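Here is a short tour of a protein chain and its ligand. Please keep the structure open as you read.

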Amino acid sequence: MTIFSRIIAGEIPSYKIAEDDNFFAFLDINPVSWGHTLVVPKQETDYIFDLSDETLSDMMVFAKKVAAALKSVIPCRKVGVAVLGLEVPHAHIHLIPITKEGDMDFKHKIADPDPARMADIAAKVNDAFEKLG
Ligand code: AMP
């Protein structure tokens, strides 16, 4: 079981943003920008391009809704999208609120992100996600 499957199962705590039958979104614990979110399929597949066409496209549609919720809460110009997958062998999309290129620099993470601020962001984005219907 991957660490992300354990998060989805509730065995490991996370700053949850959104969930449906097939996908789960939560804040990255080492964010490069405030609101940095991971979108993962509940299905355990390592490499994103090994997902079926249907799961891959549904995942991007789910991410689109999460991005809309993020953009309504976090001041930013756009929500950037990245896929690395070098650390955790469970496919995921990084959604990162950005105003400038440097906001998406994976070499510069926010040091010791304040848990209260992370929880506040997650609650607000979750609320915005739910309101999108
Ligand atoms: P990568 O697989 O290269 O896309 O990187 C995995 C990402 O998952 C990194 O940005 C980590 O900070 C993030 N990550 C790892 N463990 C957790 C966790 N328990 N909760 C939230 N994010 C995590």
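## Polar contacts of the ligand

Which ligand atom lies 2.5 Å from a polar side-chain atom of D28? An oxygen atom of the ligand is the partner of D28. Two backbone contacts join this one: a polar backbone atom of I29 is 3.2 Å from a nitrogen atom of the ligand, and a backbone N or O atom of L86 lies 3.0 Å from a ligand oxygen atom. Here a polar contact is a pair of N or O atoms within 3.5 Å.

The protein buries 90% of the 510 Å² that the ligand exposes when taken alone; accessible areas come from the Shrake-Rupley method with a 1.4 Å probe.

## The shell

Around the ligand are 17 residues, the closest being D28, E87, V88, H92 and H94; a residue counts as near if one of its heavy atoms lies within 4 Å. By class, the shell holds 10 nonpolar, four polar and three charged residues. Nonpolar means Ala, Val, Leu, Ile, Met, Phe, Trp, Tyr, Cys and Pro, charged means Asp, Glu, Lys and Arg, and the others, Gly among them, are polar.

Both α1 (3-8) and β2 (23-27) supply at least two shell residues each, and α1 gives the most, with three.

## The chain as a whole

Stepping back, the protein chain has three helices and five strands, in the order α-β-β-β-α-β-β-α. These are DSSP runs numbered from the N terminus: helices are H or I with at least four residues, strands E with at least two.

## About the model

This is a predicted model, in which local features need pLDDT of at least 70 and side-chain atom pairs pLDDT 80 or more, while totals for chains, interfaces and linings use all residues. Residues are numbered from 1 along each chain as its sequence is written, and side-chain values use heavy atoms, with hydrogens and water left out.

Conventions. A polar contact is a pair of N or O atoms within 3.5 Å; within protein, one must be able to donate a hydrogen and the other to accept it, and residues adjacent in sequence count only if both atoms are side-chain atoms.
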